[in-house]
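Please look over the sequence and the model shown here. Some questions on its sheet, helices and symmetry come after it.

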2 protein chains.
Amino acid sequence: MPDPADALSEHAVERLIAYRRHLRQRLMQGCDRIYSHDLAKPEGVTPAQVRRDLMTIGYTGSPARGYDAKGLITHISSLLDARSVGGFALVGVGHLGRAILDYLARQHPEYKVAAFDVNPDKAGGVTHGCRCYMLDEMKQVLTQQSMRVGIVTVPADAAQDAATRLVEAGVCGLLNFAPVRLRVPARVYVENVDIALRLEKVAFFALASRPKETQE
Amino acid sequence: MPDPADALSEHAVERLIAYRRHLRQRLMQGCDRIYSHDLAKPEGVTPAQVRRDLMTIGYTGSPARGYDAKGLITHISSLLDARSVGGFALVGVGHLGRAILDYLARQHPEYKVAAFDVNPDKAGGVTHGCRCYMLDEMKQVLTQQSMRVGIVTVPADAAQDAATRLVEAGVCGLLNFAPVRLRVPARVYVENVDIALRLEKVAFFALASRPKETQE
DNA sequence: GCTATACTGTGAGTGAATTCACAGTGTGAT
DNA sequence: ATCACACTGTGAATTCACTCACAGTATAGC
Ligand SMILES: NC(=O)c1ccc[n+]([C@@H]2O[C@H](COP(=O)([O-])OP(=O)(O)OC[C@H]3O[C@@H](n4cnc5c(N)ncnc54)[C@H](O)[C@@H]3O)[C@@H](O)[C@H]2O)c1
Ligand SMILES: NC(=O)c1ccc[n+]([C@@H]2O[C@H](COP(=O)([O-])OP(=O)(O)OC[C@H]3O[C@@H](n4cnc5c(N)ncnc54)[C@H](O)[C@@H]3O)[C@@H](O)[C@H]2O)c1
C-alpha cells in the first residue's frame with residue numbers, strides 16, 4: 001500500500017521512462033546536475049510537469065542546483081525496476097518480430113528473450129541470438145525462465161490465440177502489435193502498439209488545418 | 001472553419017480509425033447494422049464514448065436499429081480521408097523499416113511508398129515492391145509524387161537529420177520510431193512510436209500490484 | 001557575512017475528456 | 001393498432017491530467 005509506484009498513472013510512467021533515458025544520456029556527456037526545464041524541453045513537457053512528476057515519486061532537488069542526475073536515475077529505477085520481469089517471450093517471428101528480436105539482442109543483451117512461431121522452419125533455430133521454440137514448448141520455457149511479459153507479433157487472426165497461450169504460460173503483461181483488442185483476464189496488463197492506426201493518424205493530422213499550434 | 005474534422009482531438013481520431021476498421025470487419029461478416037455497445041466493447045471504450053464520438057462527427061443512428069455500418073464507414077472516411085496524403089516516404093531501410101515496407105506493400109498496395117537510405121547497397125534497389133532511393137534524391141521524389149508523410153526508422157543519432165531532410169522535402173507529418181524528440185517547425189505534425197518505451201512500460205505494469213482493475 | 005537570483009515544491013486553478021443518467025423515439029411483438 | 005423495450009442523443013456531472021503562480025530556499029557572487 002505505501003508503495004508510491006502503485007500511484008503512478010500510465011502517463012506518468014511513460015514520462016519517467018523518458019526522463020531516465022534522457023538522464024542517462026546527459027550523464028554520459030558528463031552532466032551530473034539537471035534542472036526541471038533541461039529535462040522538460042527535450043521531452044516536450046513543461047518544467048512544472050517534471051517537478052510534479054518528481055514530487056510524486058518523492059525525489060527532491062535543491063534550488064540553485066537542480067536535481068542530481070545520478071541519484072534521480074537510481075531513484076526512478078528503484079521504482080520502475082523494483083520487480084524484475086525475468087524476460088520477454090515473443091510470439092511470431094515475422095518481419096516485425098525479427099526487428100524486435102534484433103533490437104533487443106543489440107540494445108539490451110541483458111534481457112532474456114525467447115521466441116515462438118508456428119512455422120517449423122523457424123522453430124528450433126536461433127534468430128538474432130535468440131532461441132526460437134515451437135508453440136507447445138511455451139509453458140515449459142516460460143516457467144523455467146520465469147518470463148512474465150509477452151510480445152505479440154503474429155497476424156491479426158492469430159493474435160488472440162497467441163495471447164491466450166502466453167497468458168496460460170504465465171505472463172502478466174502483453175505488448176500487442178496486432179490490430180486487435182485482446183481478451184485476457186483482468187490481471188493481465190495489455191499495451192497495444194497499433195502501427196497502422198498511427199500511420200493513418202499522422203496522415204490525417206498532417207493535412208488537417210492545424211490551428212494555433214504552439215511552437216516547439 | 002465549419003469543417004468538423006478540425007474539431008477532432010487526437011484521441012477522437014484514434015477511436016474513429018479503430019471504429020472504421022471494426023465496422024469494415026463487421027460488414028464483411030454480413031452485419032450491416034451496429035449498436036454503440038457492439039462497437040464499444042471490442043475497442044475497449046464505453047458505449048457512451050462511442051455515441052459521443054459519433055455525435056461529434058454528426059452521424060445519427062436510430063433507436064432500436066442502431067447505426068448503419070456502411071453509412072458510418074462512409075461518413076468517417078469522408079472526414080479522415082478528405083485530404084489525400086499522396087503517399088509515404090520512409091527513411092532508414094533497416095529491420096523495422098523493411099517490416100513496415102513489407103506491411104504497406106501487402107496490406108496497402110494502394111499507397112505510394114518511397115524508401116531512402118544512406119547505405120548505397122540499399123539505395124537503387126527495390127525492397128518489398130518499393131523503390132529505394134538515395135538521400136539526395138528525396139526532395140525530387142517527394143515533390144514529384146507529392147508525398148506528404150514521412151516515416152523515420154533510422155538509428156537515434158540519425159533521426160534528426162532524417163526528419164530535417166523530410167521536412168525540407170515538403171512533408172507535413174512524421175511518424176517517428178527513433179527514441180528521440182524531433183525538432184521540426186510547428187506546422188509539421190509528429191507522432192512518436194517509441195517501442196522501447198512501451199516495452200519498459202509493459203514490464204512495469206505487468207508486475208505492478210494492479211488495484212481493482214475493471215473486468216474486460 | 002549578506003544579498004540577489006534562479007531554482008524547487010506545491011496548493012489552487014483550469015480545461016479537456018470521459019462518464020452518467022435520463023428523456024425521447026423508432027421498432028418488433030402481440 | 002398498441003405497447004413495451006432497448007436503443008440513441010445529449011446536458012450535466014465528474015474525473016483526470018496538466019498548468020499556473022508564488023512562497024520558500026540554497027547557492028554564487030560580492
Ligand atoms: N510489419 C509492420 O510494419 C506492421 C504494421 C502494422 C501492423 N503490423 C502487425 O504486426 C503483426 C506482425 O506483422 P509482420 O509484418 O511481422 O507479419 P509477418 O507475416 O511477417 O509475420 C508473422 C509471423 O507470425 C507467425 N505466425 C502466424 N501464425 C502464428 C500462430 N498462430 N502462432 C505463432 N506464430 C504464428 C508466422 O509464421 C510469421 O513468422 C501483424 O498483426 C500485423 O498486422 C505490422
Ligand atoms: N527494431 C525495433 O524493434 C526497434 C525497437 C525500438 C526502437 N527502434 C528504433 O527504430 C529505429 C530503427 O531501428 P532498426 O532496428 O530498424 O535499425 P537498423 O539498424 O536495422 O536500421 C537502420 C537503417 O537506417 C539506415 N541509416 C542509418 N543512418 C542513416 C541516415 N543518416 N540516413 C538514412 N538512413 C540511415 C541504415 O543504413 C539502416 O538501414 C532506431 O531508431 C531504433 O532505436 C527499433
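The exchange below takes up the sheet, the helices on it and the relation of the two copies.

Author: This is a predicted model, in which local features need pLDDT of at least 70, side-chain atom pairs count only at pLDDT 80 or more, and totals for chains, interfaces and linings use all residues. Residues are numbered from 1 along each chain as its sequence is written, chains are lettered from A and ligands numbered from 1 in the order in which they are written, and side-chain values use heavy atoms, without hydrogens and water.

Reader: Which are the edge strands of the sheet in chain A?
Author: Helices (H or I, at least four residues) and strands (E, at least two) are DSSP runs, numbered from the N terminus, and two strands pair if DSSP finds at least two bridges between them. The open, mixed sheet of chain A has 7 strands in the order S5-S6-S4-S3-S7-S8-S9. Pairing on one side only marks the edge strands of chain A, S5 (126–127) and S9 (189–192).

Reader: What angle does helix H6 of chain A make with S4(A)?
Author: Helix H6 (residues 138–145) of chain A touches S3, S4 and S6 of chain A, contact meaning heavy atoms within 4.5 Å. Axes are lines fitted to C-alpha atoms, for helices over the stretch in contact, and angles run from 0 to 180 degrees between N-to-C directions. For H6 and S4 of chain A the angle is about 175 degrees.

Reader: What kind of axis relates the two copies?
Author: Superposed by least squares on C-alpha atoms of residues with pLDDT of at least 70 in both, chain B fits chain A with an RMSD of 0.1 Å after a turn of 180 degrees and a shift of 0.0 Å along the axis. The copies are therefore related as by a two-fold rotation axis.

Reader: In chain B, which C-alpha is nearest the axis?
Author: The distance from the axis is 3.3 Å for this C-alpha of chain B. The residue is B:Leu96.
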